[in-house]
Amino acid sequence: MLDKDSLLLRLAIGFDQLLNALLGGDIDETLSSRSYRRARDGSLKWQRVESAVNAAFFWQKEHCRASYLNERQRRWQWLELYDTE
């Protein structure tokens, strides 16, 4: 598949973030991650969106959950990288 530093993967994540922003979400979050987070919080609408996104990425087990966990990890790495105190 795609290695974590590949240009194609970074472009896919950027497109996912753009789509999320166009749909009213945070510009730094992917639609996949938002779908998992909102579905987990009990939104039936977002549970349907999560199911649709997961179906689109059928070759990845629990794509939205994995996206959410990856984003959390990236945020911690970013904070550690730029934390100067």
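Select Asp41 and Arg40 to start: their side chains meet in a salt bridge, 3.6 Å from N to O. The term salt bridge is used here for a side-chain nitrogen of Lys or Arg within 4 Å of a carboxyl oxygen of Asp or Glu. Side chains of opposite charge can pair when their charged atoms come close. Colour the pair by accessibility and Asp41 comes out exposed, at 54% relative accessibility, while Arg40 is partly exposed at 44%. The classes are buried (under 20% relative accessible area), exposed (over 50%) and partly exposed in between, with a 1.4 Å probe and protein chains only.

This is a predicted model, in which local features need pLDDT of at least 70 and side-chain atom pairs count only at pLDDT 80 or more, whereas totals for chains, interfaces and linings use all residues. Residues are numbered from 1 along each chain as its sequence is written, and side-chain values use heavy atoms, with hydrogens and water left out.

Next, select Arg37 and Glu29. They form a salt bridge whose closest N and O atoms are 2.8 Å apart. Arg37 is partly exposed at 26% relative accessibility, but Glu29 is buried at 6%. A search of the whole structure finds two salt bridges.

Move to Cys64, in helix α4, residues 63-82. Helices here are DSSP runs of H or I with at least four residues, strands are runs of E with at least two, and both are numbered from the N terminus. Is Cys64 buried or exposed? At 0% relative accessibility, Cys64 is buried. Show what surrounds Cys64: apart from neighbours within four places in sequence, its contacts are Ser32, Ser33, Ser35, Tyr36, Glu50, Val53 and Asn54. Contact means heavy atoms within 4.5 Å. A C-alpha to C-alpha distance drawn from Cys64 to Ser35 reads 6.7 Å, across 29 residues of sequence.

Now turn on the surface and select Phe15, Leu18, Leu19, Leu22 and Leu23, which make a nonpolar patch of about 530 Å². Patch residues have over 30% relative accessible area and no salt bridge; like charges are joined within 9 Å, and nonpolar side chains (Val, Leu, Ile, Met, Phe, Trp, Tyr) within 5 Å. Accessible areas come from the Shrake-Rupley method with a 1.4 Å probe.

Within that patch, pick Leu22, which is exposed at 65% relative accessibility and lies in helix α1, residues 7-22. The end C-alpha atoms of α1 are 22 Å apart, in agreement with the 22 Å expected for 16 residues at 1.5 Å a residue; the expected span is 1.5 Å times one less than the number of residues. Finish at Gly24, just after α1, where phi is positive at about 90°.
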